[in-house]
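Let's take a friendly walk through this structure together, one region at a time. Have the sequence and the coordinates open as you read.

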Amino acid sequence: MALHPWIPNGAVNLGSLFQTFLPWAGLSIPVLLLAAAVRRSRLAAVAVLAPVAVWGCLFGGTLTDKRSERSERPERSGGGNFTVVSHNVDEENPDPARTARALAASDADVLALEEMSSKATPAYERELAAGYPYRSDTLGVRLWSKHPLSGVEAVPIMPWTRAVRATVETPGGPVAVFAAHLASVRVTPDAGFTTARRNEAARKLAEAVRAEPLARVVVMGDFNGTEQDSALRPVTSQLTSAQREAGAGFGFTWPARFPVVRIDQILVKGMGVTSAWTLPATGSDHLPVAASLRL
């Protein structure tokens, strides 16, 4: 756990795979304690303090509630003046209209939706039209906003549209918003943890973020990887994780029925984060993520 940044990826991307489930490495601690009890070894029990200390240094702060205000509706009382929500809505979602209504109820200023299928798009347009008059017309990844959008363009991180950038003209000034869906990953016996396409997409997204002229930037979406994954550092090193800065707990997002990893991210630069949280399940295989920001 202590040396996870130095675990090599190699042919099977072992480092990225371990970092994806890094918080769960703490499960080794009760196993070691049980072994010490079975052996009736005081020395072994004391030795367990080492992984306890390492896990505590890595994740102890994550377990605290860092939201500036706590309520059932943090987006309305989180101390910020600009709220964003990102959600992989799942192209196989059986009830996109229900998902759209749940997202509209969040009352966020900007929604970033990934895995938007052409079949489901009319349902989202119908349900979100009243509260979100401004939207991008990109395919697959789309933005909906309460505030005017300008400079909307696809970000070429993959051969087809998997990222979009827009300037949101908020009452507090312009904010650059990127919505992205990095390439999927798989774990297979022959190839291991396949992340090459995702990592290349992350590098291209990082280049676009680095070239962004606006001082205030939000990057959100389905990264198919955790903040701890060193392969995503070209992006994550430039920005602050909203969940790490002002969330409560790990904020796991996938799979929605029993989340074990946080692969959906909200990253920011040039503004404060007052609250971060996950929204209830919507029918997608991901949970939505939200953050209240202070412009």
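Start at Asp107, which counts as partly exposed because its relative accessibility is 30%. Keep in mind as we go that this is a predicted model. The side chain of Asp107 meets that of Lys146 in a salt bridge, with an N to O distance of 2.3 Å. Asp107 sits in the loop between helix 6 and strand 2 (110-116), while Lys146 sits in the loop between strand 4 (140-145) and strand 5 (149-154), so the pair ties together parts that are 39 residues apart in sequence. Lys146 is also partly exposed, since its relative accessibility is 28%.

From here we can look at the other charged pairs. How many salt bridges does a search of the whole structure find? The search finds 11. One of them joins the side chains of Glu127 and Arg101, at 3.4 Å from N to O. Glu127 belongs to helix 7 (residues 121-128) and Arg101 to helix 6 (residues 96-105), so this salt bridge ties together parts that are 26 residues apart in sequence. Glu127 has a relative accessibility of 25% and therefore counts as partly exposed. Arg101, at 45%, counts as partly exposed too.

Another salt bridge links Asp137 with Arg142, and here the closest N and O atoms are 3.4 Å apart. Is each partner buried or exposed? Asp137 has a relative accessibility of 62%, so it counts as exposed. Arg142 has a value of 5%, so it counts as buried. The two belong to a network of salt bridges that links Glu125, Arg135, Asp137 and Arg142.

Now turn to helix 8, which covers residues 196-210. Its 15 residues, at 1.5 Å a residue, should span 21 Å, and this agrees with the 21 Å between its end C-alpha atoms. Which residues of helix 8 are buried? They are Arg198, Asn199, Ala201, Ala202, Leu205, Ala206 and Val209. Looking down the axis of helix 8, you will find these buried residues within an arc of 160 degrees, so they line one face of the helix. The face turned away from that buried side carries Ala196, Arg197 and Glu207, which are exposed. What do the buried residues of helix 8 pack against? Their partners are helix 1, strand 7 (173-181), strand 10 (217-222), helix 9 (233-236) and strand 12 (264-269).

Helix 1 brings us to the start of the chain. His4 is placed in the segment before helix 1. With a relative accessible area of 9%, His4 is buried, because buried means under 20%. Setting aside neighbours within four places in sequence, His4 is in contact with Phe18, Gln19, Leu22, Leu58 and Gln228.

Our last stop is Phe21, found in the loop between helix 1 (14-20) and helix 2 (28-39). Phe21 counts as partly exposed because its relative accessibility is 37%. Together with Trp24 and Leu27, Phe21 forms a nonpolar patch on the surface, and the three have about 290 Å² of accessible area together. As you turn the model, you can set this surface patch beside buried His4 and the buried face of helix 8.

Terms used. Residues numbered from 1 in each chain as written. Predicted model: local features only at pLDDT ≥ 70, side-chain atom pairs only at ≥ 80, totals over all residues. Heavy atoms only, no water. Patch = residues over 30% accessible without salt bridge, like charges linked within 9 Å, V, L, I, M, F, W, Y side chains within 5 Å. Areas by Shrake-Rupley, 256 points an atom, 1.4 Å probe, with all protein chains shown as cover. Salt bridge = Lys/Arg side-chain N within 4 Å of Asp/Glu carboxyl O. Helix = DSSP H or I, 4+ residues; strand = E, 2+ residues; numbered from the N terminus. Buried < 20%, exposed > 50% of the residue type's maximum accessible area, 1.4 Å probe, protein only. Expected span 1.5 Å × (residues − 1). Arc of directions from axis to C-beta. Contact = heavy atoms within 4.5 Å.
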